[in-house]
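Visitor: Please take me through one part of this model in close detail. I would like to look at the surroundings of the ligand, and then at what else can be seen from there.

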Amino acid sequence: MDQSLVDFYNSLESIDPLALSESVLMKNYGNPSLCLVRGSGAWVYDSNGKVYLDFLSGIAVTSLGHANPMVAAAVSAQSEKLLHVSNIFANEVGPKVAAMLNHLILLGSSEDVSGRVFFANSGAEVNESAIKLARKYGLETGRHHIITALGSFHGRTMGSLSATGQRSKQASFEPLLPGFTHIVWDDVAAIEEAITAQTVAVMLEPIQGEGGVLDPSPGYLQAVRDLCDRRGLLLIIDEVQTGLGRTGAWFGFQHHGILPDVVTMAKALGSGMPIGACWAKDVVADAFTAGDHGSTFGGQPLAASAALATIREMIEIDAPARASRLGVLFDKHLEGNREVSHVSGSGLLRGVHLDRPIAKRVVELCQEKGLIVNAIGDHIIRLAPPIIVSTSQIDRACSLLTESIGEAS
Ligand SMILES: Cc1ncc(COP(=O)(O)O)c(C=O)c1O
């Protein structure tokens, strides 16, 4: 054993974690202001022992709260049984998650269809899968173009970044993947005008999350669904941020009475374990044949055990109904605020739109007061508390937020 390596390893214990992050991690996230070390439910603690109400949930990830006992027990049990097997073999857990997702996606739909799932490890990867699936589906008819919305966010891999409708995130990484047309969000006519003989799919979020928690107008998604049906296009709905109960339905598209052809999700699916899923109707899913796509870790038993426990627990607490019921409290608390123009989003994914460009200052003040939220640009505060949050925690968060808005104004 090389003692100098052991000494180096041991020396890491005594280095301040924030300083260590700054010196060894790439600068792509900016400098973190806190190091969070443990959590319980809606509470999270930093390395100095200060406690915060977490109204961001790892950006809509930890919907069942931190250290959820059901998820922890499932992950712990699975880790002692079998962590990983290659996708050359089946495992006992992933297919159960896929069957549950198929069931949840089809809830309330009158269509006599079934679907299949491909698992990966993140939102970007499942969107990448959806892009590849659409291209393979369109291969025979020579179609591979995908229409997506300006302001959308679909991830950071080259395919999902090319799908994303935000120039600021793309500009430094050109050339992008060809075959994407970005149209104005919430405008069906713009989609219709953009369709060409090469178009195979339209890809949208049911609420634009990173774009500012922007709701579609009533009827928009139904009109897009009708348009896709008329023109023979796939409708891909990116539920990475909105999925799994957060907006007050299992999936955001379910508020609009439509069934997409492809649905992607990640974030909340594993309660923090990295897992994402790309679901597609059979007729689309069948475009992938053996060898077309894959992921070493996709659907492995450990992350899938977290997903299975997450879904079971979400059913237990009726996560969609709970998110819907609790979400109303934000309107009650914040709508009257003089600095707030409106509150967007639905359920427990909300955007607080401020008249003045004070969002970043408000986030800092909230953090000082023990509340974690985040800013999207200069005018919007995003709220995504865990779905297990209590009414008194929402009351407290809203009063800290109101105080912070007042001080920042
Ligand atoms: C709608 C949407 N799609 C895709 C992604 C990318 O997910 P990931 O960061 O897991 O790659 C995000 C992340 O914020 C998202 O909100």
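Guide: Helix α6, residues 123-138, gives the most to the shell around the ligand. Its share is three residues. Keep in mind that this is a predicted model. The ligand has 15 residues around it. Those that come nearest are Ser-122, Gly-123, Ala-124, Val-240 and Gln-241. What is the character of this shell: how many of its residues are nonpolar, polar and charged? Seven are polar, five are nonpolar and three are charged.

Now turn to the helix packing. Two packed helices are described by the angle between their axes and the distance between the axes. Take α13 (residues 319-334) and α15 (residues 391-408). Their angle is about 30°, and their axes are 10 Å apart. Angles under 35 degrees count as roughly parallel, so α13 is roughly parallel to α15. The crossing of α13 and α15 is right-handed. From α13, the contact uses Leu-326, Leu-329, Phe-330, His-333 and Leu-334. From α15, Thr-391, Ile-394 and Cys-398 take part. The residues of this contact divide into six nonpolar and two polar, with no charged ones.

Last, the sheet. Four strands form an open sheet, in the order β1-β2-β3-β13, with mixed pairing. β1 (36-40) and β13 (371-372) stand at the edges. Each has a single partner strand, so one side of each is left without a neighbour in the sheet. Strand β3, residues 51-54, runs parallel to β13, and two bridges join them. Leu-53 has Leu-371 in β13 as its bridge partner.

Terms used: Residues are numbered from 1 along each chain as its sequence is written. This is a predicted model: local features need pLDDT of at least 70, side-chain atom pairs count only at pLDDT 80 or more; totals for chains, interfaces and linings use all residues. A residue is near a molecule or strand if its C-beta atom, placed from the backbone, lies within 6 Å of it. Ala, Val, Leu, Ile, Met, Phe, Trp, Tyr, Cys and Pro count as nonpolar, Asp, Glu, Lys and Arg as charged, and the others, Gly among them, as polar. Two strands pair if DSSP finds at least two bridges between them. Axes are lines fitted to C-alpha atoms, for helices over the stretch in contact, and angles run from 0 to 180 degrees between N-to-C directions. Angles under 35 degrees count as roughly parallel, over 145 as roughly antiparallel, 65 to 115 as roughly perpendicular and the rest as oblique. A crossing is left-handed if the near helix is turned anticlockwise from the far one by less than a right angle, and right-handed if clockwise. Two residues are in contact if their C-beta atoms, placed from the backbone, lie within 7 Å.
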